[in-house]
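User: Could you take a close look at one part of this structure for me? I'm new to this, so please explain each term as you go.

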Amino acid sequence: WEVFILEASTMFSSLASAAGGQHNPNKDYEVPSAPTDGISSLTWSPRSNHLVAGSWDSHLRCWEVYNTPTNATPKTGIKYDAPVLCTAWSGDGTRVFAGGCDSKAQVWNLATNQLTQVAQHSAPIKSIHWIEELQTVVTGSWDKTIKYWDTRSPTAVSTVNLPERVYCMDFGYPLAVVGTAERHVLIYDLRNPQVEYKRMVSPLKYQSRVITCFPDRTGFALGSIEGRVAIHHVEDKDSTSNFAFKCHREGNDIFSVNSIAFHPTYGTFATAGSDGAFNFWDKDSKQRLKPFPRSNQPISAAGFNSDGSIYAYAVSYDWSKGSEYYNASQPNHILLHPTTDLEIKTRNARPKKR
């Protein structure tokens, strides 16, 4: 597959050149009233086509998205107490949980447009998730802990100490996976969440950036700052199916993988990176299904809606080159890409040409 990626990158480079420095070379629909500073998080409601963004301008914003044709309308927004680093929806789609640089997590009630604190750490909260099966909020922080919260109580139900700061984590009941500083990867069974099921060193040589559970919960995809993704299974019996591949590279330039999102129907997945590009992949056939032209800024966050018909992505500075490259006058954008079966369906499931 490494050979395939290298060959495909030649075609990808020509596509990137054709982008001409545009923020929307794919001519996707642009969401109105985008955040005024870096976009750190994009999450879709599990119940409807509502999209929420969290950003460095200390705001939460929500849009209602329509499919035919693809467009969006701002629904509501609220000022947060600090820059927002992560967001997650409740299972019923009525609330949004958010964590940020003030080390607090709050729940945003969309009906009343009010914020209520539900969690506290001693350092910024990098990742937040709602576990429907446990009716619990989980927060991961740079204070080297994961905490489980009953939203009716100010005290954590349980605290799990980690070897290092949380950089990324994901949950797909009963699987939980956490990537920390120093390339630790920790795996938990949520039926016994305080006990570490397995610990490993990342199969990638550089810092973990994003981790996402497989839809079937048998493993996870891990992306690093070094333009590489690892496909890894939890159980040793499946280890022969583990592999890694290069992506989000152009010539000698190597970019961070900022997002990995699995399609809810087909199990294929999308990656998005600091190079401003997103790609659709099939891990089972080890193929890139479709590359897309590069935007003129990084893609900082992305994801599919609940039925996989729309892929949302944020074109926004991701701090991958440090503060010296931050340009406050550079606008931020949220774009909606309507997906088609020809783009995202596994090759083996597509109808044969006659």
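Analyst: Let's start with a term: helices (H or I, at least four residues) and strands (E, at least two) are DSSP runs, numbered from the N terminus. With that in hand, our starting point is H337, which lies in strand β30 (residues 333–338).

A quick word on what we're looking at. This is a predicted model, where local features need pLDDT of at least 70 and side-chain atom pairs count only at pLDDT 80 or more, while totals for chains, interfaces and linings use all residues. Residues are numbered from 1 along each chain as its sequence is written, and side-chain values use heavy atoms, with hydrogens and water left out.

Back to our histidine. Buried means under 20% relative accessible area, exposed means over 50%, and partly exposed is in between (1.4 Å probe, protein chains only). H337 counts as buried because its relative accessibility is 7%. Who are its contacts, meaning residues with heavy atoms within 4.5 Å? Leaving out residues up to four places away in sequence, H337 touches D28, F278, F280, F292, S309, I310, Y311, Y313 and E343.

Several of those are aromatic, so let's turn to the rings. Rings of Phe, Tyr and Trp (its six-membered ring) pair if their centres lie within 6.5 Å; planes under 30 degrees apart count as stacked, over 60 as edge-to-face and the rest as tilted. By that rule, the model has 19 aromatic pairs. Take F214 and F262: their centres are 5.8 Å apart and their planes 70 degrees apart, which makes the pair edge-to-face. This pair links distant parts of the chain, since F214 sits in the loop between β18 (208–213) and β19 (219–224) and F262 in strand β24 (residues 257–262), 48 residues apart. F214 is buried because its relative accessible area is 0%, and F262 counts as buried too because its value is 12%.

Now for two rings from the H337 contact list. F278 and F292 form a stacked pair, 4.2 Å centre to centre with 20 degrees between the planes. They also link distant parts of the chain: F278 belongs to strand β26 (residues 278–282), F292 to the loop between β27 (287–291) and β28 (299–304), and 14 residues separate them. Both F278 and F292 are buried.

F214 has further company, as ring pairs link F214, F243, F245, F262, F269 and W281 into a cluster. A charge can join in as well; it sits over a ring if NZ of Lys or CZ of Arg is within 6 Å of the ring centre and within 35 degrees of the ring normal. The charged end of K283 does this with F214, 4.4 Å from the ring's centre. Elsewhere, R95 lies over the face of W130, 5.4 Å from the ring centre.

What about the cysteines? A disulfide is a pair of cysteine sulfur atoms within 2.5 Å, and the count here is zero. For C86, the nearest cysteine sulfur is that of C101, 9.4 Å away. C86 counts as buried because its relative accessibility is 5%. C168 is in no disulfide either, with the sulfur of C213 the nearest at 11 Å. C168 is buried because its relative accessible area is 5%.

Notes: Contact means heavy atoms within 4.5 Å.
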